[in-house]
Each structure stands twice: as C-alpha cells, then as structure tokens.
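Visitor: Please show me around this one, slowly.

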Amino acid sequence: MQTAIAVTSADLVLPPTDQHTPTAALLPPPDAQPLDAALADMQVLLEQHGYAVVLYPASLPVAHERRLHTVRSVLETDRLALLKVGLPPLGLAVLVRQLRQLSICDFSAGIIASAARLLAHYIHAGAVLNSVARLDRVPVSLKSHAKSWVPGTQFGVLANPSPELVRIGAGELTGPQFGNQLVVAKGQLQSDWVTATLAPAWRCQAVHEAALPGESPRWWGTPKLVEFAAYLPDITLIYQLVSSVKREKCSWCGLEIIGDRCGFCAAPLLSAENRTGVSGVLNQGTPMHQSS
C-alpha cells in the first residue's frame with residue numbers, strides 16, 4: 001500500500017518529474033477548514049494509504065501546527081508522521097517531491113519518513129537577496145548587514161546543508177559534490193546570477209523554473225529575492241542512497257527505520273545495550289514529536 005505524503009501548502013507541491021510521481025495531500029489551516037472536516041479527510045487518507053507522512057515548515061504558524069497535532073491526537077493513530085523541517089520553502093518543496101517519488105517504491109512507511117532527514121542533507125537550498133537586514137535564519141555578520149544598505153548590493157546565501165553568505169561578485173557558495181539539477185523561483189529581484197554563474201559553477205545538469213512559494217519572502221526577510229535549490233534528480237540514485245543505509249527496528253512502535261530516530265513516534269534509536277530494558281520504558285508514556 002502506497003504511503004501518503006501530505007503538506008500544509010499547495011505551493012510545496014512541485015510538478016512531478018515523470019508520470020508516475022503521485023501528488024501530495026493538502027492539509028489546510030484551521031481558518032480554512034473546520035476540525036471535523038480535517039479529521040474526516042485524514043481518516044479517509046489513512047484508510048486509503050495505511051500511513052501518512054506530513055512535511056511542514058518550521059516557520060508554520062502555531063495554530064496550523066497545533067491543528068496537525070490535534071488531528072493526530074483525536075484520531076489516536078500511530079500511522080501519522082508529523083515532520084517539522086527547517087529547510088527554506090523551495091528546498092522543502094524539493095524534499096516533498098523526493099518523498100513522493102519514494103512513496104511508490106518498495107519502502108515501508110517508516111523508511112520513507114526517516115529518509116526525510118537523510119535526503120535533506122543532499123539539498124543545497126539558498127537564495128539571492130538584495131538585503132540581509134531582516135534575515136534571521138542564517139548567521140549574518142555586522143559587516144554584511146552594513147553592506148546591505150549600499151544600493152545595488154546583492155548577496156548569495158546558502159541555508160542548507162551548511163549556512164554560507166557571500167557578496168555577489170566577491171565570493172562563491174559551496175556547491176554539491178554530486179550530479180545535480182537546480183530549481184529556481186524568482187521573486188521581485190532582477191538577477192540572473194543563479195542561472196548565469198551559480199549553475200555552471202555547480203555543474204548543474206539542468207535548470208528548472210518554479211513559482212515562488214508564498215512563505216519565501218517571510219522566510220528570507222525580503223520579497224526581493226531569487227530562491228534556488230540543487231538536488232539529486234535521479235530517483236534511481238535516491239533509491240540506492242536510501243537502500244544503502246542500515247535498517248533498524250524502532251524499539252517503541254516497531255516500524256522499520258533508517259537513521260537515529262523514528263519519523264512516526266520520534267523515539268530515538270536505542271543502543272544495543274539499552275534495548276533489553278526497553279520494555280520497562282514503554283509504560284512511561286509516549287515520546288514527544290520533534291522536528292525532522
């Protein structure tokens with residue numbers, strides 16, 4: 001049964017790369033959908049797919065995040081994974097598409113949910129900005145803040161996998177060390193730096209355009225931006241990457257996982273010496289959900 005992938009905004013659903021990639025379910029905010037309807041929709045989704053993996057941005061409004069947890073709590077289900085992701089909006093949309101691709105492969109729901117953290121490390125997400133005065137998600141020096149007030153100054157910023165900031169024309173951003181493609185979403189900034197300079201430097205195999213996610217101006221602190229994300233484009237390579245990681249069984253919910261934490265119950269992977277005592281821990285309550 002195919003694991004469902006769900007998102008909190010329609011602009012996190014990039015066009016599929018092939019005719020087999022499924023879309024993602026949309027979970028509207030509380031002011032757009034009553035709780036009863038949200039519960040009914042999720043119940044149907046779980047009945048149709050067995051499991052659902054929800055990816056949502058760390059910048060999601062509190063009320064919307066609370067709605068997600070309320071739905072999971074009221075349904076009393078352990079088949080719903082809530083993954084809070086710190087990627088910029090366009091990078092998150094890329095990750096969502098990759099999980100959509102994986103959802104039709106022969107991976108269990110636990111593997112798909114825990115693969116989100118692995119794949120996020122291979123997404124180089126950033127933006128070109130005309131100002132970093134309101135950028136609070138990437139470390140910015142006082143010198144860069146001062147330069148942002150100089151007319152015509154533009155900055156290249158990388159938020160993931162490691163934060164970097166350079167002034168356009170005076171530095172380069174560290175690119176991926178693997179074959180990649182680039183997706184670009186243009187805001188109100190006039191700049192061809194991403195396509196003319198960054199893409200060749202990163203040896204991008206192809207450049208695709210996408211609509212700018214609605215959350216991007218708030219995330220980057222300005223509407224004058226060009227957002228970009230480089231990623232592994234080949235589902236065969238993504239499949240091999242996920243398959244190459246050692247699989248474990250979650251000591252709490254029993255799902256098969258990769259990495260050091262279960263995507264569904266958020267329980268950390270226990271060391272071998274601690275697994276024998278897990279039965280006593282199981283009576284102490286349910287572990288809290290954490291970000292992915």
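Guide: An axis here is a line fitted to C-alpha atoms, for helices over the stretch in contact, and angles run from 0 to 180 degrees between N-to-C directions. Helices (H or I, at least four residues) and strands (E, at least two) are DSSP runs numbered from the N terminus. Keep in mind that this is a predicted model: local features need pLDDT of at least 70, side-chain atom pairs count only at pLDDT 80 or more, and totals for chains, interfaces and linings use all residues. Residues are numbered from 1 along each chain as its sequence is written, and side-chain values use heavy atoms, with hydrogens and water left out.

Visitor: How many helices and strands does the protein have?

Guide: Let's begin with the overall picture. Of the 292 residues, 48% count as buried, meaning under 20% relative accessible area (exposed is over 50%, partly exposed is in between; 1.4 Å probe, protein chains only). As for the elements, the protein has 10 helices and 12 strands.

Visitor: At what angle do the axes of α4 and α8 cross?

Guide: Residues Ile111, Ala115, Leu118 and Leu119 of α4 meet Ile238, Leu241 and Val242 of α8, where contact means heavy atoms within 4.5 Å. The axes come within 11 Å. The crossing makes α4 roughly perpendicular to α8, as angles of 65 to 115 degrees do (under 35 is roughly parallel, over 145 roughly antiparallel, the rest oblique). The angle itself is roughly 100°.

Visitor: Is the ring pair of Phe107 and Tyr239 stacked, edge-to-face or tilted?

Guide: A search of the whole structure finds five aromatic pairs: rings of Phe, Tyr and Trp (its six-membered ring) with centres within 6.5 Å, counted as stacked with planes under 30 degrees apart, edge-to-face over 60 and tilted otherwise. In this pair, Phe107 sits in the loop between α3 (89-102) and α4 (109-120), and Tyr239 lies in α8 (residues 235-243), 132 residues away in the chain. The centres are 4.8 Å apart and the planes stand at 35°, so the pair is tilted.

Visitor: Which of those partners is buried, and which is partly exposed?

Guide: Look at their relative accessible areas. Phe107 comes out at 7%, which means buried. Tyr239 has 27%, so the partly exposed partner is Tyr239.

Visitor: In what order do the strands of the four-stranded sheet lie?

Guide: Two strands pair if DSSP finds at least two bridges between them. Two bridges join β1 (residues 4-7) to β2, with Ala6 opposite Ala25, and six parallel bridges join β3 (residues 52-57) to β4. The edge strands, β2 (25-26) and β4, each pair on one side only. This open, parallel sheet has the order β2-β1-β3-β4.

Visitor: How many residues of strand β4 are buried?

Guide: In β4, Leu83 is the residue opposite Leu55. Helix α4 lies across β1, β3 and β4, at about 5° to β4. Strand β4 (residues 80-85) is largely enclosed by the rest of the structure, because the buried count is five of the six residues.

Visitor: Which helix gives the most to the largest nonpolar core?

Guide: A nonpolar core is a set of buried Ala, Val, Leu, Ile, Met, Phe, Trp, Tyr and Cys residues joined through side-chain atoms within 4.5 Å. The largest one has 48 residues, and Val53, Leu55, Leu95, Leu99 and Val242 have the most contacts inside it. Leaving aside neighbours within four places in sequence, Val53 touches residues including Ile5, Leu83, Leu99 and Phe264. With nine residues, the top contributor is α4.

Visitor: What is the average twist of the six-stranded sheet?

Guide: This open sheet is mixed, in the order β7-β6-β5-β10-β8-β9, and β7 (164-167) and β9 (204-210) are its edges. Inside it, six bridges join the antiparallel strands β8 (residues 180-186) and β10 (residues 225-231), with Lys186 partnered by Val226. From one strand to the next, the twist averages 20°.

Visitor: How far apart are the C-alpha atoms of Pro161 and Gly175?

Guide: Pro161 is in the loop between β6 (155-160) and β7, and at 35% relative accessibility it counts as partly exposed. Setting aside neighbours within four places in sequence, Pro161 is in contact with His121, Ile123 and His124. Gly175 is 14 residues from Pro161 along the chain, and their C-alpha atoms are separated by 9.8 Å.
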